[in-house]
Structure formats: structure tokens, C-alpha cells
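I opened a new notebook page for this structure. My plan is to look up how the copies relate, then helices, then charged pairs.

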Protein chains: 2
Amino acid sequence: MAVDPLRELCDLLARLPGVGERTAQRLAYHVVRQSPDYARALAQALLGVVDGVRTCSRCQALTAVEPCAICGDPQRERGVVCVVANPQDIASIEATGEYRGLYHVLHGVLSPLEGIGPEEIRARQLIARLPGEPPVREVIVATPASVEGEATALYLAGLIRPLGIAVTRIAFGIPMGGEIEYADKLTLARALGGRRPI
Amino acid sequence: MAVDPLRELCDLLARLPGVGERTAQRLAYHVVRQSPDYARALAQALLGVVDGVRTCSRCQALTAVEPCAICGDPQRERGVVCVVANPQDIASIEATGEYRGLYHVLHGVLSPLEGIGPEEIRARQLIARLPGEPPVREVIVATPASVEGEATALYLAGLIRPLGIAVTRIAFGIPMGGEIEYADKLTLARALGGRRPI
């Protein structure tokens, strides 16, 4: 008996993160109700990503061109590198419109429990590009505020500071619009510890 | 400048129901991290659905074969037809293991506000198949408990009852394991109205 194409699509969709069997079914039926052009375009985009996306040899971000659009942009400030854990973090920082430097994607954070050590994150590639033309003068570590993100930041600082390059950490504290009353203890402690003169 | 394949994939995924821009991005990056085989299989499944799925000429369910597996199954009881609003409802009812009859998919419910009248749901096809071989003796209406679902049930009953065929409605009431205390007023009223001798 032939494989049921709908069943097949459901099974594959259910392997996406946050997509259970029910959601997968809902998505599959939605695709069927759309014009065939939509499913064809989505199939094409999936193949395009497989064939067309690699990591930038400089910043390790995902890109279709080499070097990536940001590394290849002559307008970007080349003396500053912002280190992020995941490729998607770049889009969030870019959306602020506040940052004009370069990036470096680690593709993970140190996590001994999960067996992710210094060799599993792309820290070596970061160190290798610091003495560039022009050399990097500041590395901003924007790994998350988790235990692993903090450990990764400290690890990188230990490697980079001896090279005479400034290492900074993004600020953590009360989010904008956040009420002091409802802030959790850790965030509030961090906000107090990170206080600055007005 | 070439189109960015990742951007393209994100934009298409964001058109799925319940998938916002953030989720689309998370899904797209997930696909990139997987082996290329996954993206290829998913692309293939999407094309398979476009080319291979049509509506069964008898019950209007989505199917890759004609007639669909249920209509073509000689073991199913052919004198009973369960009417559902959407194709995916069939899977839920089949999962109970309690129903051995046939189905009919309306592909919608009556909704004057959205311009969905009797001609937009597949009611005509239902009426046409009732005097079959053997003729249908009971139509179970399993449209949802919404205003539209109820109106659709009443509309169908008005068409079918004059033909001398029994029309029944699935039961609505307190769900299994549900606490009376937390049931909403409408459900509780429905449960009282639908009471049966023990």
C-alpha cells in the first residue's frame, strides 16, 4: 500500500521543536487547504536552505554568501565584535539599530553536563580573528544570562583579556517597562549590582 | 542581490497558523541545524501532498486514493454516516475506536457572517449519497458545539429528516474527569438538558 502523503507530512512536521502531533496535523491540513503554490514555495525554500546556507568563514553566522552580509559590509565598525551563542541572536541585536560592529557566533555555550567544552563552541575561531586588519579592540559578550552563558563569558574573558583587548558583558537587569515589585530576586540582585551613576 | 534562503523560509513558515515571526525563525534555524536529509524529506512531503492529496468523491475527506481508505473498507458499516466539519475531525473520531460507520466532511460550517451558506459547505454531496446501496439509515451530526456548528446541525436535520432517515447529534456536556465546580455555565446547562436515565 502506498504511503499516505498527509501522514508523512504530519510525521515530519511533528519533529520540529514545539510542534506536537496535534499541531503538526493542524499545519498539514492548513497546507492542503492553501493554494498548491504555497506548498511548492515552502518546499523550494527548504531545499534552498539546504543547498544555499553555510556558516560565514569569519563570523560563523549562517549565510548564503561568503563572507556574510555583515562581515562584507564596509560600513560596519571592524574594531568591535559582539559574541552571541546562536545565529538567530544576530537578528535580535540588529533589530535594535544600536550596533554597528561585527559579530561572532559560538553555536552554543559551555555546558559540561551536556559535554559541550571549549572545542565544541567556536571560540578558537574567535581568538584567531582578533588580530585582524584593523585589530579588534573590544569584544562584547552577549551570551545569555544563564549559568552556562555566564561561564562562557568568563571563559572568553580569560582568553581575550591577556591579549590586551577589552572584554565587556551586556547589561542584565530590570527589563524596560518592568515593575520592580514583580522582578525576580536574581534579576533584581543583578540590577542592583550593575547600578551606574545617573 | 540574491534572495536570502533563510529569510525566504522564515517568511513562508510565518504564514502557517499559530506561527509568528519569532517561531518561524526558530523553526528555520532548527531546520538548518538538522541533517540536510530532514529538509529534503520535508520538501518532498510537501510536494507529495500537493500532487497526491485530493478529496474522496464519496465522503469528501482528504485522501491519496480514490475512494478513501474508509469508504473503500468493506468492513465499515455503510448504513451510518457521521458528518464532520473538517477533515482532521475524522482522525479524532477514529482514535476512539468506537465508530465503525462512514464519514462525510462538510469542509466548513454555515456562517452567514463569513458568507458561508449552504452552497459553500458540501451538504449537497451528503444528500446525494444518502439513498445508496445500502441506503443510509442514520446520520450522526458531529459539527462543533459553536453557534455555527449548531446552526449547521439544524440545517442538515431539516434536509434529512423528511427523507425518513434518523438524524442524531453527538452529546455535549461535562468532559470526562471534569469537575462540576469548574464547568462553564453553557456546558453545565447543556449537560443538564441532555440528562439521561441511569
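**Entry 1: the two copies**

I laid chain B on chain A and got an RMSD of 0.1 Å, with a turn of 179 degrees and a shift of 0.0 Å along the axis. That is the relation of a two-fold axis. I note here that the model is predicted.

Which residue of chain B comes closest to the rotation axis? I found A43(B), with its C-alpha at 2.0 Å.

Next I compared the interface residues. For chain B, 100% of them are also interface residues in chain A, so the copies meet through the same surface.

**Entry 2: helix α2 of chain B**

I checked the length of α2(B), residues 21-33. Its 13 residues should span 18 Å at 1.5 Å a residue, and I get 19 Å between the end C-alpha atoms, which agrees.

Then I listed its buried residues. They are A24(B), Q25(B), L27(B), A28(B), Y29(B), H30(B) and V31(B).

What do these residues pack against? From chain A, I noted α3 (36-52), β2 (62-63) and α4 (87-96). From chain B, I noted α1 (5-13) and α3 (36-52). The buried residues of α2(B) thus have partners in both chains.

**Entry 3: helix α6 of chain A**

I moved to α6(A), residues 147-160. This helix has 14 residues and reaches 20 Å from its first C-alpha to its last, close to the expected 20 Å.

I marked G149(A), T152(A), A153(A), L156(A), A157(A) and I160(A) as buried. Looking down the axis of α6(A), I see these buried residues within an arc of 135 degrees, so they line one face of the helix. On the other side, V147(A) and L154(A) are exposed.

I also looked up the cover over the buried face. It includes β3 (80-84), α5 (123-129), β5 (138-141) and β6 (166-169), each from chain A.

**Entry 4: salt bridges**

How many salt bridges does the structure hold over all chains? I count 14. I followed up several pairs in chain A.

My starting pair was D37(A) with R40(A). Their closest N and O atoms are 3.8 Å apart. The two residues sit 3 residues apart in helix α3 of chain A, which means a separation of about one helical turn. I recalled the general rule: an α-helix has 3.6 residues a turn, so residues three or four places apart point the same way. D37(A) counts as exposed because its relative accessibility is 54%, and the cut-off is over 50%. R40(A) has a relative accessible area of 39% and is partly exposed.

I then took E119(A) and R124(A). Their side chains meet in a salt bridge of 3.7 Å, N to O. Both ends are exposed: E119(A) has 58% relative accessibility, and R124(A) has 55%.

I turned to E150(A) and R190(A) for the last pair. The closest N and O atoms of this salt bridge are 2.7 Å apart. The pair links distant parts of the chain, 40 residues apart, with E150(A) in helix α6 and R190(A) in helix α7 (residues 185-193) of chain A. R190(A) is partly exposed, at 33% relative accessibility.

Which residues does the network around this pair join? I traced salt bridges with shared partners through E150(A), R169(A) and R190(A), and they form one network.

Key
Residues numbered from 1 in each chain as written. Chains lettered and ligands numbered in written order. Predicted model: local features only at pLDDT ≥ 70, side-chain atom pairs only at ≥ 80, totals over all residues. Heavy atoms only, no water. Helix = DSSP H or I, 4+ residues; strand = E, 2+ residues; numbered from the N terminus. Expected span 1.5 Å × (residues − 1). Buried < 20%, exposed > 50% of the residue type's maximum accessible area, 1.4 Å probe, protein only. Arc of directions from axis to C-beta. Contact = heavy atoms within 4.5 Å. Least-squares fit on C-alpha atoms with pLDDT ≥ 70 in both. Salt bridge = Lys/Arg side-chain N within 4 Å of Asp/Glu carboxyl O.
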